[in-house]
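Welcome to this tour! Open your viewer, get ready to select residues by number, and take the stops one at a time.

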Amino acid sequence: MRRLVQKVSSTRTFARVAPYVVPALDRAVHRLTGGRVLLSARMLPGLVLTSRGAATGLPRRVPLACMPEDAAAAGWLLVGSNFGRDAHPAWTGNLLKHPDAEVSWQGRTIPVRARLLEGAEREAAWRAVVAFWPPYATYQARIERRIRLFRLTRRDQGGGDGGRDGGHGGGRGSADDGRHDGPPSA
């Protein structure tokens, strides 16, 4: 089943349709289950990122596929693939401007700091995420932009101030809400 989902999620048709369907379903299920369930996480781990909009500064929530970096989920890798579409997803611009954010992970809200990966660190992370979810390589091959990779670290574990920063509490989607980069629901 996982291979079928990978194959389907690598198609251009999926790239055109999924950004409108998957996030809406994920948001609804996430809200209804008190943050415990993301449908797309049935095939790939997922979280809900709450960041401040780059243009507005308002809270923006977006469900995203992620790669936890260890069993304790002390950090996550986020891939700005936008399903292999030409433009960077809006959430990546939000994190570039406002790197302090929150994630909803397995029913818990965790303050995080995002860092855009570059150089050798990015290359190592890219190899890891492609091994984790091979469609990312397909997405990169069909677009000219370089897919952005972010590492999220908990702010309460050496990543910063450890507290909540007032602008992150939820909110509904808008133009700078971002895009979901995960697989479809299983």
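## Stop 1: Strand β6

Start by selecting T109, which lies in strand β6, residues 108-116. Keep in mind as you look around that this is a predicted model. T109 is partly exposed, with a relative accessible area of 44%. Now add L49 to your selection: it sits 60 residues away from T109 along the chain, and the two C-alpha atoms are separated by 9.6 Å.

Stay in strand β6 and move to R113. This residue is partly exposed too, at a relative accessible area of 27%. Which residue forms a salt bridge with R113? Select D100: the closest N and O atoms of this pair are 2.4 Å apart. The salt bridge joins strand β5 (residues 100-105), home of D100, to strand β6, and the partners are 13 residues apart. Their C-alpha atoms are separated by 4.5 Å. D100 is buried, because its relative accessible area is 16% and the cut-off for buried is under 20%.

## Stop 2: A network of charges

Side chains of opposite charge can pair when their charged atoms come close. In total, the structure holds six salt bridges. For a linked group of residues, select E69, R115, E121 and R151, which are joined in a network of salt bridges.

Begin with E69 and R151, whose closest N and O atoms are 2.6 Å apart. E69 is in the loop between β3 and β4, while R151 is in strand β7, 82 residues apart from it. Is R151 buried or exposed? At 16% relative accessibility, R151 counts as buried. E69, in contrast, is partly exposed, with a relative accessible area of 34%.

R151 also meets E121 in a salt bridge, at 2.5 Å from N to O. Here the link runs between helix α4, which holds E121, and strand β7, with the two residues 30 positions apart. E121 is partly exposed, at a relative accessible area of 30%.

## Stop 3: Helix α4

Next, select residues 119-132 to show the whole of helix α4. At 1.5 Å a residue, its 14 residues should span 20 Å, and the end C-alpha atoms are indeed 20 Å apart.

Now color R122, A125, W126, V129 and V130, the buried residues of α4. Look down the helix axis: these residues fall within an arc of 135 degrees, so they line one face of the helix. On the other side, you will find A120, R127 and A131 exposed. What covers the buried residues of α4? The cover includes β3 (67-68), β4 (75-80), α5 (135-141) and β7 (148-154).

## Stop 4: A nonpolar patch

Switch to a surface view and select V17, Y20, V21 and L25, which make a nonpolar surface patch of about 380 Å². L25 belongs to helix α2, residues 12-32. With a relative accessible area of 40%, L25 is partly exposed.

## Stop 5: The whole chain

Finally, zoom out. How many helices and strands does the protein chain have? Its secondary structure comes to six helices and seven strands. Trace them along the sequence and you will meet the pattern α-α-β-β-β-β-α-β-β-α-α-β-α. Of the chain's 186 residues, 50% count as buried. The protein chain exposes about 8600 Å², and carbon and sulfur atoms supply 55% of that area. Among contacts with a separation of 6 or more, 73% come from residues 24 or more positions apart.

Note on methods. Residues are numbered from 1 along each chain as its sequence is written. This is a predicted model: local features need pLDDT of at least 70, side-chain atom pairs count only at pLDDT 80 or more; totals for chains, interfaces and linings use all residues. Side-chain values use heavy atoms; hydrogens and water are left out. Helices (H or I, at least four residues) and strands (E, at least two) are DSSP runs, numbered from the N terminus. The expected span of a helix is 1.5 Å times one less than its number of residues. Buried means under 20% relative accessible area, exposed over 50%, partly exposed in between (1.4 Å probe, protein chains only). The arc is that of the directions from the helix axis to the C-beta atoms. Contact means heavy atoms within 4.5 Å. Patches are made of residues with over 30% relative accessible area and no salt bridge: like charges are joined within 9 Å, nonpolar side chains (Val, Leu, Ile, Met, Phe, Trp, Tyr) within 5 Å. Accessible areas come from the Shrake-Rupley method with a 1.4 Å probe; for residues, only the protein chains shown count as cover. A salt bridge is a side-chain nitrogen of Lys or Arg within 4 Å of a carboxyl oxygen of Asp or Glu.
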